[in-house]
Amino acid sequence: MSVKKLVAGNWKMNGVSADLDQIRAIASASRGYEDVDVALCVPTILIDRAARAVPGFSIGGQDVHHAEKGAHTGCTSALMLLDAGASLTLVGHSERRDAQRESDAEVKAKAEAALSVGLNAIVCVGESLDIRELGSAVETVMGQLDGSLPRSLEGEAELAIAYEPIWAIGTGKIPTAPDIAQMHAAIRRKLRERYGSAGAGIRILYGGSVKASNAKEIFTIADVDGALVGGASLNVEDFIPIVAAASGR
Ligand code: PGA
């Protein structure tokens, strides 16, 4: 099943008011690629200003708390993200799974919290280099999905998966095309098992050192329905060629 590709940028802890011009430039250039969904996941505190700067363009968060509200100092609820103007959020990025010790169960609760208020959720999974070298990458990622996938897909909000091998993030290294294909096929099987026919339409993004120079090849791999892009999403010159590649141009 071929779905509209999604290219989402993950700005991580980068971006202040001065960078709104870059967001405007990306949103404006993206309009030339209507066959691709484009989004930028920016720091929480920039969401409101970014969403106001680029009406109609998808701005997302990078994390969300699983609880609706309450005594969680420093945290942001799904409703708060939505209220600030976000239409999506990442959950379970490996940098959070690692530094904040986020468990699969927590990631699942976050995904469910996002979807329940109508926020699209991108659940991130991916193996470490040790696991890849041990030959257990697929098994490990399937285990992450078992624990992290939301119970159901009720409602309008959309679930997507980002497969991001940890050793490929920010390193310039990427898996071979057959390795990406094998992982994405396994993720697709898991999604069908879990959600039946709806699992066929869930977008599976590849992430980890996606650049203009490798995007074309990555997007030709079966079951790669888009990309989650870190470093190369920070400016229009690096990011838009990736969007163009998703559009087949
Ligand atoms: P990268 O980051 O594109 O800089 O490798 C991807 C990510 O962490 O989402």
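**View 1. A51 sits in helix α2, which spans residues 44–53.** This view, like the ones that follow, is taken from a predicted model. Buried is the class given to A51, because its relative accessibility is 18% and the cut-off for buried is under 20%. If you set aside the neighbours within four places in sequence, A51 is in contact with I59, A84 and G85. While you are here, look for S87 too: its C-alpha lies 9.4 Å from that of A51, with the two positions 36 residues apart in sequence.

**View 2. The ligand is surrounded by a shell of 13 residues.** Those that come nearest are K12, H93, E164, G170 and S209. Sorted by class, the shell holds seven polar, four nonpolar and two charged residues. Three polar approaches to ligand oxygen atoms are worth finding here. A polar backbone atom of G170 is 2.6 Å from an oxygen atom of the ligand, and for a polar backbone atom of G231 the distance to a ligand oxygen is 2.8 Å. N10 takes part through its side chain, where a polar atom lies 3.5 Å from an oxygen atom of the ligand. How much of the ligand's surface does the protein bury? Taken alone, the ligand exposes 280 Å², and the protein buries 95% of that.

**View 3. K12 and S209, both in the group that comes nearest the ligand, have positive phi values.** K12 is found in the loop between β1 and α1. Its phi is near 50°, a positive value in a residue other than glycine. S209 belongs to the loop between β7 and α9, and its phi is about 60°, again positive although S209 is not a glycine. Are these two residues buried or partly exposed? K12 is partly exposed, with a relative accessible area of 23%, whereas S209, at 9% relative accessibility, counts as buried.

**View 4. Helix α9, residues 212–219, has a buried side and an exposed side.** The buried residues of α9 are N214, A215, I218 and F219. They cover an arc of only 130° around the axis, so they fall on the same side of the helix. Turn to the other side of α9 and you will meet S213, K216 and E217, which are exposed. What covers the buried residues of α9? The cover includes strands β1 (5–10), β7 (203–207) and β8 (226–229), together with helix α10 (236–246).

**View 5. F219 is a residue of helix α9 with a long list of contacts.** At 8% relative accessibility, F219 counts as buried. Leaving aside its neighbours within four places in sequence, F219 is in contact with K5, V7, V224, G226, A227, I242, A245 and A246. As a marker of distance, the C-alpha of G32 is 18 Å from that of F219, and the two are 187 residues apart along the chain.

**View 6. Helix α10 is largely enclosed by the rest of the structure, because eight of its eleven residues are buried.** The buried residues to pick out are V236, F239, I240, I242, V243, A244, A245 and A246. Their cover includes α1 (20–30), α9 and the strands β1, β2 (36–41) and β8. Just after α10, keep an eye on G248, which takes a positive phi of about 80°.

**View 7. E102 is placed in the loop between α4 (94–99) and α5 (104–116).** E102 is buried, with a relative accessible area of 5%. Which side chain makes a polar contact with that of E102? The partner is K110, and the contact is 2.9 Å. Beyond the neighbours within four places in sequence, E102 is in contact with D63, G92, R96, R97, V107 and K110.

**View 8. E112, in helix α5, reaches a backbone nitrogen with its side chain.** The nitrogen belongs to R151, and the distance is 2.8 Å. Without the neighbours within four places in sequence, the contacts of E112 are P150 and R151.

Notes:
Residues are numbered from 1 along each chain as its sequence is written. This is a predicted model: local features need pLDDT of at least 70, side-chain atom pairs count only at pLDDT 80 or more; totals for chains, interfaces and linings use all residues. Side-chain values use heavy atoms; hydrogens and water are left out. A residue is near a molecule or strand if one of its heavy atoms lies within 4 Å of it. A polar contact is a pair of N or O atoms within 3.5 Å; within protein, one must be able to donate a hydrogen and the other to accept it, and residues adjacent in sequence count only if both atoms are side-chain atoms. Accessible areas come from the Shrake-Rupley method with a 1.4 Å probe; for residues, only the protein chains shown count as cover. Ala, Val, Leu, Ile, Met, Phe, Trp, Tyr, Cys and Pro count as nonpolar, Asp, Glu, Lys and Arg as charged, and the others, Gly among them, as polar. Buried means under 20% relative accessible area, exposed over 50%, partly exposed in between (1.4 Å probe, protein chains only). Helices (H or I, at least four residues) and strands (E, at least two) are DSSP runs, numbered from the N terminus. The arc is that of the directions from the helix axis to the C-beta atoms. Contact means heavy atoms within 4.5 Å.
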